[in-house]
2 protein chains.
Amino acid sequence: MDLSELLRERGMRVTSQRLLIERALREHGGHLTAEQVHDLVEPALPGVTQQTVYSTLALLADLGVARRVVAPGTTRFEAAADSHHHMVCERCGAIEDLHARVPLAAATRAAREAGFVPDSAGVTVLGLCARCAAAS
Amino acid sequence: MDLSELLRERGMRVTSQRLLIERALREHGGHLTAEQVHDLVEPALPGVTQQTVYSTLALLADLGVARRVVAPGTTRFEAAADSHHHMVCERCGAIEDLHARVPLAAATRAAREAGFVPDSAGVTVLGLCARCAAAS
DNA sequence: ATTGGTGCAAATCCTTTGCAATAGC
DNA sequence: GCTATTGCAAAGGATTTGCACCAAT
């Protein structure tokens, strides 16, 4: 299902801001801060404000099209394509994808048993990225 | 090893702020925001500033005595005692402990292979806490 | 006596909010 | 034309920084 349809289906308006921000997220592939998203779409949308980026990212997250990745200092966003895990550098805050198969069914089941309604689950590995490890 | 020794060993000063903040973290057991930590130690340390709390928490995290838990909106801190997982409510930001056995060796090994130097790893389940789920 | 820590104040950064203008329906 | 979205401006909250005083060594 494509974003335009999804928006129309919910009676929301299809704007170039929404389409372009979603595309930027999808094409970049990485974990972007709101500011990076702004800079990415600015050429195509001269004058977009950071606030529009924020509200659009929140909307995309609500729609399930984007995913919020909590990071030290700032929230980052990624396209909600495939599920993967994250390595977070404790020194510089960089986030990298981690591809590993981890069985999480037990975790989500335990969460559900605790009264929690799970939406998604993932592994976060904290440590030092290669660059910061080399520098110390 | 106790905090006083740890500090002395590194040539750092043993202050009541450091000892009491660490104790508050350990005795409370939960995931505290810097502000909550401040309010907890304020009775015993009249006039402590939020800045002292911040720098002390950063120090404790560096020493490995406390652990930073990245949460939406604000960073939280917990005593670095036992390793457990977290459920994070996407609506209200609450964090709860999740007790489940999840094999993470594969994840840390994959991280190491990617040049990352893992420090700790844990599962984060995103979703709605019982209270927020009931309210919607 | 030294100097690392703390308190105090102000600055900075990220994010949200209020309102008028604009653009999608 | 109606109203959700955007842009603009400002506020708010979390965290950091700079500097002078105090206290641990």
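User: Which residue of chain B comes closest to the rotation axis?

Analyst: This is a predicted model. Chain B can be laid on chain A by a turn of 179 degrees and a shift of 0.0 Å along the axis, with an RMSD of 0.2 Å. The two copies are thus related as by a two-fold rotation axis. Of the residues of chain B, the one closest to that axis, at 2.2 Å by C-alpha, is V123(B).

User: What percentage of the interface residues of chain B are also interface residues in chain A?

Analyst: The copies meet through the same surface. That follows because the share of chain B interface residues that are also interface residues in chain A is 100%.

User: How many residues surround DNA strand D?

Analyst: The closest are R13(A), R18(A), Q51(A), T52(A) and Y54(B). By class, the surface near the strand divides into four nonpolar, ten polar and three charged residues. The number surrounding DNA strand D is 17.

User: What share of the atoms of DNA strand D within 4 Å of the protein is sugar and phosphate?

Analyst: Two side chains illustrate phosphate contacts. T52(A) places a polar side-chain atom 2.6 Å from a phosphate oxygen of DNA strand D. For Y54(B), a side-chain N or O atom is 2.5 Å from a phosphate oxygen of that strand. Within 4 Å of the protein, the sugar and phosphate share of the strand's atoms is 65%.

User: Which residue has a polar side-chain atom 2.8 Å from a base oxygen of DNA strand D?

Analyst: The elements giving two or more residues to the surface near DNA strand D are α2 (16–28) and α4 (50–63) of chain A, together with α4 (50–63) of chain B. The base oxygen lies 2.8 Å from a polar side-chain atom of R13(A).

Key. Residues are numbered from 1 along each chain as its sequence is written. Chains are lettered from A and ligands numbered from 1 in the order in which they are written. This is a predicted model: local features need pLDDT of at least 70, side-chain atom pairs count only at pLDDT 80 or more; totals for chains, interfaces and linings use all residues. Side-chain values use heavy atoms; hydrogens and water are left out. A residue is near a molecule or strand if one of its heavy atoms lies within 4 Å of it. A polar contact is a pair of N or O atoms within 3.5 Å; within protein, one must be able to donate a hydrogen and the other to accept it, and residues adjacent in sequence count only if both atoms are side-chain atoms. Helices (H or I, at least four residues) and strands (E, at least two) are DSSP runs, numbered from the N terminus. Ala, Val, Leu, Ile, Met, Phe, Trp, Tyr, Cys and Pro count as nonpolar, Asp, Glu, Lys and Arg as charged, and the others, Gly among them, as polar. Copies are superposed by least squares on the C-alpha atoms of residues with pLDDT of at least 70 in both. Contact means heavy atoms within 4.5 Å.
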